[in-house]
Each structure stands twice: as C-alpha cells, then as structure tokens.
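Dear colleague,

I am handing over the structure below, and after it I set out what was found when I went through it. Please read the notes with the model open beside you.

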Amino acid sequence: MGNMIGSGIFLLPASLAAFGWDAVAGWVFTIGGSMMLAFVIARLTVAMPDASASQMIARAFGPLAGFAIGWIYWLSIIITNVTIAVAATANLSSILPVLARPGAGALCSIGFLWATTAISLIGARAAGMTQIATMVVKLIPILVVLVLLVMILSDASAQVAPFPAEGFTGAGITASAALTLWALMGFESASVAADKVRDPARTIPRATLIGTAATGLIYLFVCSGIALTLPAAQTQTGSPFGAFVSHYWSAEPARYVAIFVVVSCLGALNGWTLLMGEVPLAMARAGELPRWLARTTPKGTPVRGLILSTVLASLLLIANSLQGLVALFTAMALLATSATLWLYVGCALASMRFRLVVPVAIVGLGYALWTLWGAGIVASGSSLLLMAAGLPFYWWARRGRSI
C-alpha cells in the first residue's frame, strides 16, 4: 500500500474531474483489472515461492523471456523513482518556490533519491519501518477528506455532480482508466522481495490482494468524492486536496497538505528504492545479469544493485533537468506505466502456461494489453526499445557464466 499510495491520490482529482462519472467507472475497471492481475501474481508466488517474477516467466518461456521482462521491470522501477522524486519536489516547490527552477528542482529530486537509497542500504528492516511510519502519516489527510465527505454527503442539500443523461461514455472510461492505472501501479511489490519475507507463500498473497483491494477502495472514494463534490474551477488547482479541505473546512489546515504529500511521495519512493535493488539482485543470481551484482552484505543488502540503480536514476534526472517539473513528471509517468505493463503481461501468460487460474489470467491479460494500447504508441514503443537495449547485458552475463 505504501508503494501504491504516493503522489497519484493527491493529484488525480484534478485530472479526473473533467471525466465526471466516467472516472468512477474507470476506477471500477482499473481496480477490477488490478485485482485480477494481483490474484494471478499471488497464485504464481504460492506455486513458486522461491522465484521472482522474471524467474517465473523464465521457467515458463525460457531464460531470454525472463531476462527481457526482468530488465524492463528494473528500468520501470528506476523511471518510477525519478517520477516520484520529481512529484515530491513539485509539491515542495509550493513552500519553497526556488525549487520550481529546473536546475534546483533536479538537484532536490536527486537528493531525495539518494536519501531513500541510504535507508535501504541499512537493510530491509530499516526500509520496512520507514514505510510503516510514512504510511501512517500519509493516511492523515486521506482520513480527513473521508470524514469531510461523509459529513457532506449526509446532508440532503449536498452539491454533487449530476449523473449525465447520456450515461457513461466509452471514450471517457478508457481515458480515465489509463490515468487511474498509474495510481495503482505497484501491487506486485510484495512478491518482488519474497526472500526478505517470513512465510512468503502465505504472507505475500495476503499482502498483495488485501493491499490492492484496500488501496483501490481508498482511491475510488477519495478521488471520486473530491472530483464530484468540489466546484469544477477549484479542482483545477495544483493541490485539489488542499482546495477541498479549504472549501469544506478551513484554509489554515489546507496549508499543511503539501507537507503530507511530500511525505507520501517519499514513503512511496522508499518502498520502490528497496525493489530497485532487489530486482537486479534476483536477476544476477539467476545468471541474467553480471555476477558482481549478486553480492550482498552479511544482512543481505544488495549494495551494488542499489547504488547502480540510483546512479542511473540520477543520470536520467540530469539528462532531463531542463524540462519543467510538470512536463518531466508526465513523460516519466507514462513511460513507467508502459514499461511495468510488460511484467503483468508476462505473469498472465506464465499463469496460463502453468494452467494456474487460467480464466482469471485471460481476463488480466486482456486488461493489461488494453491498457498498454491505451498508453500510446510512443510510450509503448519506447518501452520495447528499452527492453531490446538490455540484450547485450544478457549475452554478457551468459558468456560470463560459461567461462
């Protein structure tokens, strides 16, 4: 849940307000599709608790397929971390305007990347405790909004956007579903660090399914509630949460929303940073990446994978430092979504290959392909090129194992 609840819930009401009730249907499709894929991943984890997602796909379709999915997923995590760090900086810039400058914003985002890397370098337990602490903090503004929504909707005179006479529209649902998926990305997180979890065959499916369902319901009620009850002009602000609290409560507490958003982003960044080291570690142990990435500290911390990943994320930020924060966030979010979808496609196909929950896997595969198509040719094509770019490293690793 900490990985899924990041910047999306605080920014999406502004993006979804234009879709009205179509966005509610979009949330239903996204939650349903995510639950299908989460169930598939959970069942694969129970069947193969000793394998990472890429290893599951490798067992189904061979080592090259496993590497391709593992590689693009690793890159998607790096891109996701850049996106979250930029979102944290963008929200902090409302308090410190100097961060709105491209160079200053990039430096601040790089600082966030290395700060969370330092936590993961201490060990998985430190990252886990940080995740719990930030999760508690980020739930505070969400609970405030939920209480306000209950109070508003209990009043018979509440102003709620009317349901359109023409009903739902396919175009609106599709467009809103593409936006909502970014907010739920990460429901596979629990399965990535399986070797760091007690009783993974029992714990990971429960964490995956319960976490996905709970997060989806929170998003559905909070984002839809704000979008449908807040006057349209006020949703189009940089902080729809702040506008909602200010409109229905007071401007004074609304000023603190940006601080909670920054903490929420950093909590998500902390969780994704842990995975940023675990994915290359699992691939190196499987012989899909050079063996020097497989070395860990006595506590099992993948120091080399964490540092290499953070260096790559920092270079990506530097290369795009001339872009504004909003433009950079939008581009990185779309690319990260497209890249992660290949993991979901691979897991669904592997489940079908092993004859595990085949009907659910078919529906999940259809949803993943539909969303991949909805991401657009630029983002999906770029993710394919990034996948192909990893092939030299695969041949290098295979050659090293044969020597």
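**What was found**

Helix 1, which runs over residues 8–16, is mostly covered, with seven of its nine residues buried. The buried residues of helix 1 are G8, I9, F10, L12, P13, A14 and L16. Please keep in mind throughout that this is a predicted model.

**The chain as a whole**

The chain is made up of 18 helices and has zero strands. Its radius of gyration is 21 Å, which agrees with the value near 22 Å that a compact globule of 403 residues would have. Taken along the principal axes, the box filled by the C-alpha atoms is roughly 75 × 50 × 40 Å. Of the 403 residues, 54% are buried, and among the contacts with a separation of 6 or more, 82% are between residues 24 or more positions apart.

As for the surface, the accessible area of the chain comes to about 16,900 Å², and carbon and sulfur atoms account for 72% of that area. The chain carries 20 positive and 10 negative side chains, and the centres of these two sets lie 17 Å apart.

**Helices 3 and 4**

Helix 3, residues 53–61, is mostly covered, since seven of its nine residues are buried; these are A53, S54, Q55, M56, I57, A58 and A60. Helix 3 is followed by G62, which has a positive phi, near 105°.

Helix 4 covers residues 63–92, and at 1.5 Å a residue its 30 residues should span 44 Å, a figure with which the 43 Å between its end C-alpha atoms agrees. Because 26 of the 30 residues of helix 4 are buried, this helix is largely enclosed by the rest of the structure. One residue that you may wish to look at here is S76, which lies in helix 4 and which, with a relative accessibility of 1%, counts as buried because the cut-off is under 20%. Apart from its neighbours within four places in sequence, S76 is in contact with A336, A339 and T340.

**K138 in helix 6**

Is K138, a residue of helix 6 (residues 124–153), buried or exposed? At 0% relative accessibility, K138 counts as buried. When residues up to four places away in sequence are not counted, K138 touches G2, I5, F10, S264, G267 and A268, and of these F10 is itself among the buried residues of helix 1. The C-alpha atoms of K138 and G2 are separated by 8.9 Å, although the two residues are 136 residues apart along the chain.

**Two partly exposed residues**

V46 is found in helix 2, residues 21–47, and has a relative accessible area of 38%, so that V46 is partly exposed. Leaving aside neighbours within four places in sequence, V46 is in contact with A201 and P205. The C-alpha atoms of V46 and G128, which are 82 residues apart along the chain, are separated by 22 Å.

I307 lies in helix 14, residues 303–319, and counts as partly exposed at 36% relative accessibility. Between the C-alpha atoms of I307 and S351, 44 residues apart along the chain, the separation is 33 Å.

**The loop between helices 15 and 16**

The last region to point out is the loop between helix 15 (325–353) and helix 16 (358–374), where R355 lies; V357 is found in the loop between these helices as well. Most residues other than glycine have a negative phi. R355, however, has a positive phi, near 60°, and V357 also has a positive phi, near 40°. As to accessibility, R355 counts as exposed at 72% relative accessibility, whereas V357, at 17%, counts as buried. When you inspect this loop, you may therefore want to view R355 as an exposed residue and V357 as a buried one.

With best wishes

Note on methods: Residues numbered from 1 in each chain as written. Predicted model: local features only at pLDDT ≥ 70, side-chain atom pairs only at ≥ 80, totals over all residues. Heavy atoms only, no water. Helix = DSSP H or I, 4+ residues; strand = E, 2+ residues; numbered from the N terminus. Expected span 1.5 Å × (residues − 1). Buried < 20%, exposed > 50% of the residue type's maximum accessible area, 1.4 Å probe, protein only. Rg over C-alpha atoms; globule rule 2.2 N^0.38 Å. Contact = heavy atoms within 4.5 Å. Areas by Shrake-Rupley, 256 points an atom, 1.4 Å probe, with all protein chains shown as cover. Lys, Arg positive; Asp, Glu negative; His and termini not counted. Charge placed at Lys NZ, Arg CZ, Asp CG, Glu CD.
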